[in-house]
Amino acid sequence: MSLSAAEDNSASEIHLPADIDWHMLDKSKFFFLGAALFSGVSAALYPVVVLKTRQQVLPTQISSLKLSLSIMSHEGVRGFYRGFGTSLMGTIPARALYMTALEVTKSNVGTATVRLGFSDTTATAIANAAAGLSSAMAAQEGWTPIDVVSQRLMVQDCNGSSIKSSKNMIPSSSSCRYMNGIDAFRKILNADGPRGLYRGFGISILTYAPSNAVWWASYSVAHRLVWGGIGCYASKKDENAVNGGGGCGYRPGSKEMVAVQGVCAAMASGVSAIITMPLDTIKTRLQVLDGEENGRTRPLTVMQTVRNLVKEGGFVACYRGLGPRWVSMSMSATTMITTYEFLKRLSTKNRDSLTS
């Protein structure tokens, strides 16, 4: 079944709630509720991010289960939340930048593409891709320094506690010991200047901008295809209404809406994670590890990082932490999209317009 056919069937059989544009939102409620909701999401998913980060900087592959048990045994639950306070401080402004750029771009580009004569399906995919690209670039401006600090806190003392084998020692991790996020921020700034806080910024853009563009475009296409398939199933199930031409159509409930959003988010996350995993591994190492030159500690370059990875385990080494990252992205995307749609409906200025 083609996408256009799926769209036509879903349009005739399924009555979905109206889309919510940027101008329809109460901005103060949107940002306040967004900060609270996404802080909770970040807290729930943070342990998986710690696992992924540690796997990416270790010179040998360690299974997620073995690493989890090691962290719990030597560091307790707190080991899974190293740097969380710093990460949370950055999540709120970064999410605000992300959501603003996402909605403004999606609304403007969507309107422009429809005026240019594109179909609704194509216009939606283009608008979502452009929105994902711009939102990722906007968020990285505020997120990269927080990412650098929180990731260093995540791997601090990793050599001395959770990883005992000498072959699993983290190579040339920062020798500084940080008391907390503020102390780490100050020491990095003193040692490397502002560039130290934006280490890996370029490759972060190369990682997250296309990843977001692919994710949002894939999500919009998957969303229409899934609902199109449900529309075909509903029409066949209710042949009498279809033949008579008087069926009122299928109006999905909140559970069905959440289920479809979750499935589409997981599908888009799998594609995105596989495509961008090598870049994410390189980015993490650039932000966490140092090299040595003439007895002095210096930040690694991209080429040095790639050479080290290939030396340690070939191209496969670039995919260390893929499992936790896929799980993290899928869970994050599923909770993000369902929370995000819920947030938009809570923040709508006129709720009555959504049911019309």
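Contact here means heavy atoms within 4.5 Å. With that in hand, here's a quick tour of this predicted model. The chain has 356 residues, and 48% of them are buried. Twelve helices and two strands make up its elements. Asp-183 is a handy first example of contact: leaving out residues up to four places away in sequence, Asp-183 touches Arg-177 and Tyr-178.

**How far to trust it**

- Averaged over the chain, the pLDDT comes to 79, with 82% of residues at 70 or more.
- Confidence bottoms out in helix 1 (residues 3-13), where the mean is 44.
- At the other end of the scale, helix 6 (residues 181-192) has the highest mean, 89.
- Residues 1-12 have a pLDDT below 50, and in the model this stretch makes 20 contacts beyond near neighbours in sequence.
- Where pLDDT is low, it's best not to read the predicted coordinates in detail.

**The overall layout**

- Starting from the N terminus, the order of elements is α-α-α-α-α-α-α-α-α-α-β-β-α-α.
- Take the contacts with a separation of 6 or more: 83% of them join residues 24 or more positions apart.

**The nonpolar cores**

- The largest nonpolar core holds 26 residues, and the ones touching the most other members are Phe-30, Trp-215, Trp-216, Tyr-219 and Tyr-340.
- Two or more residues of this core come from each of helix 2 (27-57), helix 4 (84-115), helix 5 (120-155), helix 8, helix 10 (254-288) and helix 12 (322-346).
- Look at Trp-215 and, setting aside neighbours within four places in sequence, you'll find it in contact with Ala-265, Ala-268, Ser-269, Ser-272, Ala-333, Met-336 and Ile-337.
- There's also a second, separate core of 15 residues, and Val-50, Ile-203, Leu-309 and Ala-317 are among them.

**Helix 2 against helix 4**

- These two helices pack at an angle of about 135°, and their axes lie 9 Å apart.
- That angle makes helix 2 oblique to helix 4.
- The crossing of helix 2 and helix 4 is right-handed.
- On the helix 2 side, the residues that meet helix 4 include Phe-30, Phe-31, Gly-34, Ala-35 and Phe-38.
- On the helix 4 side, the partners include Phe-84, Ser-87, Leu-88, Thr-91 and Ile-92.
- Phe-30 is worth a second look, as it also belongs to the largest nonpolar core.

**Helix 5 and its neighbours**

- Helix 4 and helix 5 pack with their axes 7 Å apart, at an angle of about 165°.
- Angles over 145 degrees count as roughly antiparallel, so helix 4 and helix 5 are roughly antiparallel to each other.
- Helix 4 and helix 5 cross in a right-handed way.
- Helix 5 also packs against helix 10, this time at about 80° and with the axes 9 Å apart.
- That makes helix 5 roughly perpendicular to helix 10.
- Where they meet, helix 5 brings Thr-144, Asp-147, Val-148, Gln-151, Arg-152 and Val-155, while helix 10 brings Lys-283, Thr-284, Gln-287 and Val-288.

**A few residues to find on screen**

- Asp-147 sits in helix 5, and its relative accessibility of 7% is why it counts as buried.
- Not counting residues up to four places away in sequence, Asp-147 touches Tyr-208, Lys-283 and Gln-287.
- Asp-183 belongs to helix 6, and at 8% relative accessibility Asp-183 counts as buried.
- Between the C-alpha atoms of Asp-183 and Val-149 there are 9.5 Å, and the two residues are 34 residues apart along the chain.
- Leu-289 lies in the loop between helix 10 and strand 1 (290-293), and it counts as buried at 2% relative accessibility.
- Leu-289 and Val-155 are 134 residues apart along the chain, yet their C-alpha atoms are separated by 9.9 Å.
- Val-221 is placed in helix 8 (residues 201-237), where its 28% relative accessibility makes it partly exposed.
- The C-alpha atom of Val-221 is 8.8 Å from that of Cys-264, which is 43 residues away along the chain.

Conventions. Residues numbered from 1 in each chain as written. Predicted model: local features only at pLDDT ≥ 70, side-chain atom pairs only at ≥ 80, totals over all residues. Heavy atoms only, no water. pLDDT = per-residue confidence, 0-100. Helix = DSSP H or I, 4+ residues; strand = E, 2+ residues; numbered from the N terminus. Buried < 20%, exposed > 50% of the residue type's maximum accessible area, 1.4 Å probe, protein only. Core = buried A, V, L, I, M, F, W, Y, C linked by side-chain atoms within 4.5 Å. Axes fitted to C-alpha atoms, helices over the stretch in contact; angles between N-to-C directions. Parallel < 35°, antiparallel > 145°, perpendicular 65-115°, else oblique. Left-handed = near helix turned anticlockwise from the far one by under 90°.
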